[in-house]
Amino acid sequence: MSPPPEIPPPGVGYAYRASLIGSAHRFALEDDGISWRVGRRTGRWRYADVAALRMSYRPMSMQSHRFRTEISHRDGGCIIVMSTTWRTLALMDAQDKDYSTFIVELHRRLAAHGARTMLVGGLNPVLYFAGAGVLTLLSVAMAALLVRAMVTGEWAGALFIVGLSALFGWQIGRFMHRNRPRAYTFNALPRELLP
């Protein structure tokens with residue numbers, strides 16, 4: 001008895017709304033490339049023409065658990081895939097499972113087609129280290145204010161500085177940790193940059 005014929009996997013698609021007013025951004029992974037539609041612009045890129053992928057963590061006030069992948073073409077074009085979509089004027093929905101499935105499958109297909117794609121995670125190193133420098137200066141200033149408040153006996157002010165620093169450190173610390181610049185491989189996607 002011969003084995004059943006191999007059935008190719010169906011195309012994987014993903015869509016999100018970047019804004020409430022604009023049209024949906026639609027993507028489909030096909031046998032030999034990725035097709036996309038963003039508003040009136042459409043395109044189809046072969047996997048071999050994908051020059052770079054940059055995955056990052058991009059929270060915002062409406063959705064604190066939001067991820068982004070930039071797909072760059074060798075000719076300079078760039079399309080962006082976000083893990084959230086606008087539903088109403090005040091609500092954004094997370095699409096964690098669909099986003100993760102799409103991004104993991106994109107990496108798998110790029111590897112299967114032998115694409116020479118540069119894979120990077122996190123922020124641009126120049127922006128990341130500039131931000132880390134500013135945060136260091138801010139931390140020193142907050143520590144100096146805390147010492148001054150304690151020396152002058154301003155206990156309410158000291159308590160406020162401690163609380164504000166803890167909240168700020170928790171929020172910014174998570175952002176900086178997830179977005180540290182790094183290179184990765186098709187076999188080891190950065191878990192911190194996937195929902």
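A salt bridge is counted here where a side-chain nitrogen of Lys or Arg lies within 4 Å of a carboxyl oxygen of Asp or Glu. With that in mind, E192 and R182 make a good starting point in this predicted model: the two form a salt bridge, and their closest N and O atoms are 2.6 Å apart. The pair joins distant parts of the chain, since R182 belongs to strand β11 and E192 to the segment after β11 (182-183), 10 residues apart. The two partners can also be described by their surroundings. R182 is buried, at a relative accessible area of 17%, whereas E192 is partly exposed, at 26%.

In general, side chains of opposite charge can pair when their charged atoms come close. Across the whole structure, a search finds nine salt bridges, and two further examples are worth a visit.

One of them joins D32 and R44, whose side chains meet with an N to O distance of 2.4 Å. D32 sits in the loop between β2 (24-29) and β3 (33-38), while R44 is in strand β4 (residues 41-46), so this salt bridge ties together parts that are 12 residues apart in sequence. D32 is partly exposed, with a relative accessible area of 39%, and R44 is likewise classed as partly exposed, at 43%. The pair also belongs to a network of salt bridges that links E30, D32 and R44.

The other example lies within a helix. E105 and R108 form a salt bridge in which the closest N and O atoms are 2.7 Å apart. Both residues are in helix α1 (residues 96-112), and their spacing of three residues separates them by about one helical turn. E105 counts as buried, at 14% relative accessibility, but R108 is partly exposed, at 43%.

Attention now turns to a pair of helices. The axes of helix α2 (residues 125-151) and helix α3 (residues 155-178) come within 9 Å and cross at roughly 165 degrees. Angles over 145 degrees count as roughly antiparallel, so α2 is roughly antiparallel to α3. The crossing of these helices is left-handed. On the α2 side, the contact includes Y128, G131, L135, M142 and L146; on the α3 side, W155, I161, S165, F168 and M176 are among the residues taking part. What is the make-up of the contact of α2 with α3 in nonpolar, polar and charged residues? The residues divide into 17 nonpolar and three polar, with no charged ones.

Methods: Residues numbered from 1 in each chain as written. Predicted model: local features only at pLDDT ≥ 70, side-chain atom pairs only at ≥ 80, totals over all residues. Heavy atoms only, no water. Axes fitted to C-alpha atoms, helices over the stretch in contact; angles between N-to-C directions. Helix = DSSP H or I, 4+ residues; strand = E, 2+ residues; numbered from the N terminus. Parallel < 35°, antiparallel > 145°, perpendicular 65-115°, else oblique. Left-handed = near helix turned anticlockwise from the far one by under 90°. Contact = heavy atoms within 4.5 Å. Nonpolar A, V, L, I, M, F, W, Y, C, P; charged D, E, K, R; others polar. Buried < 20%, exposed > 50% of the residue type's maximum accessible area, 1.4 Å probe, protein only.
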